[in-house]
Amino acid sequence: MKRLYLLTFCLLICLPGYSQAKRKKPASFSTQGKQKDTFLEKQWWLGFKGGINFSGVVVDKSYAVIAPTNYTSSQTKKKYDNYSTVGSQATVEITFTFKGFSFSLQPTYRHSSFVYTTASAWYEDDVPMLELNYDQEQQIDYAEMPLLVKYDITNTKLRPYVQVGAYYAILLNANKAISVSGVDYASGGENKFTEPDIIVGAEYLFAKYNWGLMAGAGVNYHVGNIRVNLDLVYRKGMSLVNSTENRYSNDRLTGTGDVMDDIKMNNFSVSLGCLFPLRFLTSGFTSLDRP
Amino acid sequence: MIRRYILLLPFLFASACLEESTTALDEKAFTRIYDNDQFDASYYPIDMQQTADGGYLMLGGRRLDNTNFSGIYLLKADRFGNFVKELEVDESFVNPIAQLMSAGTSFKFF
């Protein structure tokens, strides 16, 4: 069903473009003036931007290694601390603008992370004897291919816009770091301790590909012929970012009671960059005059 | 027409590469640590057999307070490894044999 959504979305994107291509009519002498205007209304932009992002996950299905026999499983359930860690991204933007609408391809390198914690405790006559806390941080690198449609709200020097689109992400690298700490009451008193961090390469624990929808807003500020761009985007993950087949494949992680849930990742990013027009770069032309 | 289908091929490939969770995968491989939250409890595994319902029966030993003999512990899990129930066999029965022996639809450990 999820694949059907992606396929339908792709069909909606590609089929109108195909049909439009067939409707082109040959130019006539009388329409040359109009064609010139139309030509001037178009613009290609090439730009670079970078910024920070925050990620959160939505659990589709929960999984656990620890199976309690005499207490409820909710006590050992993962607690996700969404949007608490900072990631970064770098983007190359290629945008075609026509009459206030822009079609933008934005290949992106995105580094994201998210964290969750688990805890276990053992008792003697309802008195805690040992507590163990696991802080788990996932760091993931993606190559993303977002396709966006933008609409300029105004035609002023400071030009706000809204945008929607979709992205397809390819996993480049992933790591997991687990910090183990605890409190030992059994040896008398309250003895806090920490274990050395467990850091493992976790590329195989994540899905190689995932996709999602994007929506956002931003503003372009025209400085001479270039645009300074502030861009806010929210990504909603539509497919799983974890590997379902390799879920239990790392013995070091499962030994600590860790296994990934079925999760989709949402992300909020803020980017700052600049765009350069690729047409009409003559001394008399200012990009502010045109879209 | 063919060109249109060729355009769709990358999208078909892209959607085919996405991850999906299935019951078959959940059943095929899992890791479980069965945990009792009593600090002084002590269990150790002896044997495990798959039961007719696709689940698992585990035979274990347990520490007894009043004797050096090993007590008997049984645990039933479903086909996904989820805990179903446990049984701490009465202390008058001690030292199970080293494996669960299948006898028809039942298992014996004496």
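**Exercise 1. Contacts and layout of chain B**

Task: In this predicted model, determine what percentage of the contacts in chain B with a separation of 6 or more comes from residues 24 or more positions apart, and state in which order the elements of chain B run.

Solution:
1. Consider the contacts in chain B with a separation of 6 or more; residues 24 or more positions apart account for 35% of them.
2. Next, count the elements: chain B has two helices and seven strands.
3. Read from the N terminus on, these elements run α-α-β-β-β-β-β-β-β.
4. Finally, turn to burial: of the 110 residues in chain B, 13% are buried.

**Exercise 2. The setting of Asp65(B)**

Task: Locate Asp65(B) and decide why this residue is classed as buried or exposed.

Solution:
1. Asp65(B) lies in the loop between β3 (56-62) and β4 (71-77) of chain B.
2. Within 10 Å of Asp65(B) there are 7 other C-beta atoms.
3. A residue is exposed if this count is 12 or fewer; therefore Asp65(B) is exposed.
4. For the distance to Ala77(B), twelve residues apart from Asp65(B) along the chain, compare the C-alpha atoms: they are separated by 27 Å.

**Exercise 3. The interface of chains A and B**

Task: Establish how many residues of chain A are in contact with chain B, which element of chain A gives the most to that side, and which strand of chain B is joined to β2(A).

Solution:
1. On the side of chain A, 37 residues are in contact with 27 residues of chain B.
2. The elements giving two or more residues to this side of chain A are α1 (2-22), β2 (66-68), β6 (108-124), β7 (127-152) and β10 (209-223).
3. With seven residues, α1(A) gives the most.
4. By character, the residues on this side of chain A comprise 21 nonpolar, nine polar and seven charged.
5. β2(A) is joined by three bridges to strand β1 (residues 33-35) of chain B, and the two run parallel.
6. Within this pairing, Ile33(B) in β1(B) stands opposite Ile66(A).

**Exercise 4. The largest nonpolar core**

Task: Identify which residues touch the most other members of the largest nonpolar core, and list what Phe206(A) is in contact with, leaving aside its neighbours within four places in sequence.

Solution:
1. The largest nonpolar core holds 29 residues, of which Tyr167(A), Phe206(A), Val241(A), Val259(A) and Ile263(A) touch the most other members.
2. Two or more residues of this core come from each of β7, β8 (158-184), β10 and β12 (262-277) of chain A.
3. The largest share, five residues, is given by β8(A).
4. Apart from neighbours within four places in sequence, Phe206(A) is in contact with Ile140(A), Leu171(A), Ala174(A), Val241(A), Asn242(A) and Ser243(A).

Methods
Residues numbered from 1 in each chain as written. Chains lettered and ligands numbered in written order. Predicted model: local features only at pLDDT ≥ 70, side-chain atom pairs only at ≥ 80, totals over all residues. Contact = placed C-beta atoms within 7 Å. Helix = DSSP H or I, 4+ residues; strand = E, 2+ residues; numbered from the N terminus. Nonpolar A, V, L, I, M, F, W, Y, C, P; charged D, E, K, R; others polar. Pairing = 2+ DSSP bridges. Buried ≥ 20, exposed ≤ 12 C-beta atoms within 10 Å, placed from the backbone. Core = buried A, V, L, I, M, F, W, Y, C linked by C-beta atoms within 7 Å.
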